[in-house]
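Welcome, and thanks for taking a look at this one with me. Below are a few notes to help you find your way around.

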Amino acid sequence: MEGVRDSREQALDEGAGAATSDEETPPADTTGRAAARLRDADGMAVASFVMGLAGLLVFNVVLGPCALVLGSLALLRGTARRGRALLGISLGVADLAVLAAVTAADQSFSWSLGG
């Protein structure tokens with residue numbers, strides 16, 4: 001049993017020596033962080049889409065820019081839901097276009113469905 005212990009201790013010592021060198025430093029355990037970052041990016045993509053869609057009806061002055069920012073951040077962080085992020089960005093642009101059209105039509109930031 002001593003031979004087994006000695007070989008284990010030697011392997012641990014060699015591993016510790018390799019971990020301290022600059023060339024062979026193993027990467028930090030970032031799988032949890034990467035998964036959380038991807039999950040956050042996916043959430044941003046969905047939020048961008050929902051805000052852009054809702055912004056066509058209400059609060060387009062607020063929800064349009066929020067959709068643009070969230071969609072852009074989701075793309076920068078490498079979301080798996082790239083299509084939703086792009087839709088969120090395009091809906092954010094559409095929100096601002098609707099806002100510009102309404103503002104130009106009646107010189108106000110509000111609009112109503114009634115006459």
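1. Let's begin with the overall layout. Read along the sequence, the chain runs α-α-α-α, with 4 helices and 0 strands in total. Please keep in mind that this is a predicted model.

2. Next, the chain as a whole. Of its 115 residues, 20% are buried. The chain exposes about 8100 Å², and carbon and sulfur atoms supply 63% of that area. Among contacts between residues at least 6 apart in sequence, 63% join residues at least 24 apart.

3. A good place to zoom in is Ser48, a residue of helix α2, which covers residues 31-55. Is Ser48 buried or exposed? Its relative accessibility is 0%, so Ser48 counts as buried, the cut-off being under 20%.

4. Which residues does Ser48 touch, leaving aside those up to four places away in sequence? They are Ala67, Leu70, Gly71, Ala85, Gly88 and Ile89. You can also look from Ser48 to Leu86: the two are 38 residues apart along the chain, and their C-alpha atoms are separated by 8.8 Å.

5. Now follow helix α4, which spans residues 82-106. This helix has 25 residues and reaches 36 Å from its first C-alpha to its last, close to the 36 Å expected at 1.5 Å a residue. Just after α4, Gln107 takes a positive phi of about 50 degrees.

6. Which residues of α4 are buried? They are Ala85, Gly88, Ile89, Leu91, Gly92, Asp95, Leu99 and Val102. As you look at their spacing, it helps to recall that an α-helix has 3.6 residues a turn, so residues three or four places apart point the same way. The cover over the buried residues of α4 includes α2 and α3. Ser48 of α2 gives you a concrete example, as the residues it touches include Ala85, Gly88 and Ile89.

7. Finally, turn to the surface. Leu57, Val58, Phe59, Val61 and Val62 make a nonpolar surface patch of about 510 Å². One of these residues, Val62, lies in helix α3, which covers residues 60-76. With a relative accessibility of 46%, Val62 counts as partly exposed, because that class lies between the 20% limit for buried and the 50% limit for exposed.

8. If you would like a pair to compare on screen, try Ser48 and Val62. Ser48 counts as buried at 0% relative accessibility, whereas Val62 counts as partly exposed at 46%.

Methods
Residues numbered from 1 in each chain as written. Predicted model: local features only at pLDDT ≥ 70, side-chain atom pairs only at ≥ 80, totals over all residues. Heavy atoms only, no water. Patch = residues over 30% accessible without salt bridge, like charges linked within 9 Å, V, L, I, M, F, W, Y side chains within 5 Å. Areas by Shrake-Rupley, 256 points an atom, 1.4 Å probe, with all protein chains shown as cover. Salt bridge = Lys/Arg side-chain N within 4 Å of Asp/Glu carboxyl O. Helix = DSSP H or I, 4+ residues; strand = E, 2+ residues; numbered from the N terminus. Buried < 20%, exposed > 50% of the residue type's maximum accessible area, 1.4 Å probe, protein only. Contact = heavy atoms within 4.5 Å. Expected span 1.5 Å × (residues − 1).
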